[in-house]
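Let us take a walk through this structure together. Please keep the sequence and the 3D view at hand as you read.

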Amino acid sequence: MLKKLILAAPLSVMLLVPNVEAAEKIKVGIVITLTTPASIMGKQMKAAYEVASDHLGGKMGGKEFEMIFEDDGLKPNIGKQKTEKLIKKDKVDFLTGYIWSHVMGASAPVALKAGKIFVSSNAGHSPYAGKMCHKNFFNAAWENSQNPMAMGSLLNQRGVKNLYVLSLNYAAGKQMVAGVERTFKGKVVGKDLVPMAHKDWSAELAKVKAAKPDGVFVFYPGSWGPAFFTQYKQAGLNKTIPLYSVFSVDGANLPVFQKRKMDHLLGTYNTMFWAPDLDNATNKRFVADFAKKYKGQKPSHYAAQAYDSLMLIAAGVKAAGGDAKNTDAVRKGMEKADFDSVRGRIKFGKNHFPIQNFYAREVVNKNGQWQVSVRGTVVKNHAPVMSNECKL
Amino acid sequence: MNYILLAEQIFNGFQLGIILFLLAAGLTLVFGIMDLVNLAHGTLYMFGAFFAATFVELTGSLVLGMILALPAMLVAGILLEVIVLRTLYERDHLDQVLATFGLIIFFNELFLVVWGPEGSGINLPPYLSGLITLPGGITVPEYRMVIIVSGIVIALLLYFLVSKTRIGMLIRAGASNREMVGALGINIKLLFTLVFGLGAVLAGFAGMIITPITQAESGMGESILILAFVVIVIGGIGSIKGAFIAAMLTGLIDTMGRSFIDVALLPFMDAVSAETAGPAISSMLIYILMAIILAIKPSGLFPPKGA
């Protein structure tokens, strides 16, 4: 018995020591899509979080931190389960990631109820910028309708009078449509929201052809993009009606488009708050280091947002003197956003959404690599329209 | 009413119908003859898509790649039947559903690992990427016409196989009364393997010919499989003729719903409500159709005789 105790004593000390250390480590839980075809975005984001972690030297406010990645499988219920697991089992201090508005809509309430700070790295579910804004909710990306609003302005600038609108039938898809309709001054001659299960647009493309618009607005992110743009060309529409897209032609998709020789996308326009060639020192360093980490590719905006999300959390922890548990101090630090983002300095509104510029971007072939390139600023210092509904 | 649009949408409806038929034909045979609920039938559709995409990339020819992918599908189907599904015939439907659902998850992940999240695709050669102009100014992409024609050819071949050959006679007999066919000394095991292999080739062919349009990606079979189940239920389980007619009906109604329902709703409500209700109602249409047909003919439009 005694022998056992003597043997066990040092063992238990050994077991205890790393536990104490682990408890002091700051933990960031990250929920993104790492399976299903949409993992094309999630994998870029994971690489970007890792680049950000390298740039931070693995520390926030002098304290070591670790990142725990979870996969939502593009399903709201799984995203919610993973969020609960991160809070209860891993005892994370922060939650970030979240690509899809419907996944975020199911997950954010759980994290906010548990008193955690939640940073959306992509999903810009509109109610959180307005009525449902929360003191611990931050968005390091945009509100869903902002980018399509910028697109609406770009369409006006480019003289489009009759527009056909195509989008996906889910929360974000509807908010995208609301955005472009808010600023576009011409006539919307047709509109179709296609169920997410559909990958064949034969019926909708026939309607587009019959409506004869002078521009088509599309929101087909992830793997919907390659399928849609292929069919657009097969229907012969690429020769007659210019395509304008949001969140559909981006750094995650462009290598696929290039590999499949979808030349008709070169020269098309989209809008975004950022581009890989946006001129600032942080962005240059990010783009270069991202390529080293991820197959030599240019980062997408998903990656840029992921990078900024972690940097935002780090700025908060730094302001709180490394005490990640002091939520009030961390939040105040995050509101100031005292760090160099890939889009320049970030200014947050009271709803904790960035107030930012949106740029026109053209798809170009630069040194044999397809990428999106800035072609002027469309709107400056744009805040979500529902910001005033936020009572913070 | 815009007649050109209407005509084009009828074409689009037929094209969707052809794809559904190719999927449903195998599904209805497997379900009807082998009494096996195979949820992984959509996985075979995905197999076809990726096999074809890979062979087309290797050979540089669309036609050659697809021809090579067909025997590969037969082998894949037979292997799947011999290794996994054969053990499920004696079990009840719930076990079959669970096991074949497991196959879906397994293969979806396997394909993600092998081909990556971006999946794969087939670029159409120039001679297939143009448009055909029909009388009256109707234009249809050449390739979609190819799908319709090849689907009709397959349907005719299948009709010939099932109604004019000895093996077809056995298949029909199997659909009507499985036990009796076995009791008459027919090697039912071999028949099952052949039927499953045939179903796999048909599903694979559907996956192949749709890939130049939708591209190939992991999980592509599941959304269309639901429609294929609707088709076999409407058509009568075990009936090829029923599958064909139900597939065309489903394809047409789904396409027409997506095309015209928001316009059709306008007289009854304001534009905003019509926009919201349109997609919801159009995705319900085929299920409403199924409910009506089942209410009138509970075993589908063309149930196999004696079933």
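For charge counts, Lys and Arg are taken as positive and Asp and Glu as negative, while His and the chain ends are left out. The place of a charge is NZ of Lys, CZ of Arg, CG of Asp or CD of Glu. With that in hand, chain B has 12 positive and 17 negative side chains, and the centres of these two sets lie 19 Å apart. In chain A there are 55 positive and 31 negative charges, with mean positions 3 Å apart.

Some housekeeping comes next. This is a predicted model, in which local features need pLDDT of at least 70 and side-chain atom pairs count only at pLDDT 80 or more, whereas totals for chains, interfaces and linings use all residues. Residues are numbered from 1 along each chain as its sequence is written, chains are lettered from A and ligands numbered from 1 in the order in which they are written, and side-chain values use heavy atoms, with hydrogens and water left out.

Now to the chains themselves. Helices (H or I, at least four residues) and strands (E, at least two) are DSSP runs, numbered from the N terminus. Chain A has 12 helices and 14 strands, and chain B has 11 helices and two strands. If you trace chain B along its sequence, you will meet the pattern α-α-α-α-β-β-α-α-α-α-α-α-α.

For overall dimensions, the radius of gyration is taken over C-alpha atoms, and the globule rule is 2.2 Å times the number of residues to the power 0.38. Chain A has 392 residues, for which a compact globule would have a radius near 21 Å; its own value of 22 Å agrees. For the 307 residues of chain B the expected radius is near 19 Å, and the value of 20 Å agrees as well. Along the principal axes, the C-alpha atoms fill a box of roughly 90 × 45 × 40 Å in chain A and one of roughly 60 × 50 × 35 Å in chain B.

How much of each chain is covered? Accessible areas come from the Shrake-Rupley method with a 1.4 Å probe, and for residues only the protein chains shown count as cover. A residue is buried under 20% relative accessible area, exposed over 50%, and partly exposed in between (1.4 Å probe, protein chains only). By that rule, 62% of the residues of chain A are buried, and 53% of those in chain B. The accessible surface is about 15000 Å² for chain A, with 55% of it on carbon and sulfur atoms; for chain B it is about 13300 Å², with 74% on these elements.

Contacts (heavy atoms within 4.5 Å) add another view of the fold. Among contacts in chain A with a separation of 6 or more, 73% join residues 24 or more positions apart; in chain B that share is 78%.

A good local stop is A:G42, in helix α2 (residues 39-55) of chain A. A:G42 has a relative accessible area of 0%, so it is buried. Apart from neighbours within four places in sequence, A:G42 is in contact with A:I32, A:T33, A:L34 and A:I99.

Let us move on to salt bridges, where a side-chain nitrogen of Lys or Arg lies within 4 Å of a carboxyl oxygen of Asp or Glu. The whole structure holds 24 of them over all chains. One of these joins A:E204 and B:R258 at 2.8 Å, N to O. That pair crosses between chains, from helix α7 (residues 202-211) of chain A to helix α10 of chain B, and both A:E204 and B:R258 are buried.

B:R258 also meets B:D254 in a salt bridge of 3.5 Å, N to O. The two are four residues apart in helix α10 of chain B, so about one helical turn separates them. B:D254 is buried, as is B:R258.

Stay in that helix, which spans residues 240-265, to find B:D262. Why does B:D262 count as buried? Its relative accessibility is 19%, and buried means under 20%. Not counting residues up to four places away in sequence, B:D262 touches A:K191, A:D192, A:K207 and B:A274.

Back in chain A, A:K292 and A:D289 form a salt bridge of 3.1 Å, N to O. Both lie in helix α10 (residues 281-293) of chain A, three residues apart, or about one turn of the helix. A:K292 is exposed at 69% relative accessible area, whereas A:D289 is partly exposed at 21%. Finally, A:E70, A:K82, A:K85 and A:D90 are linked in a network of salt bridges.
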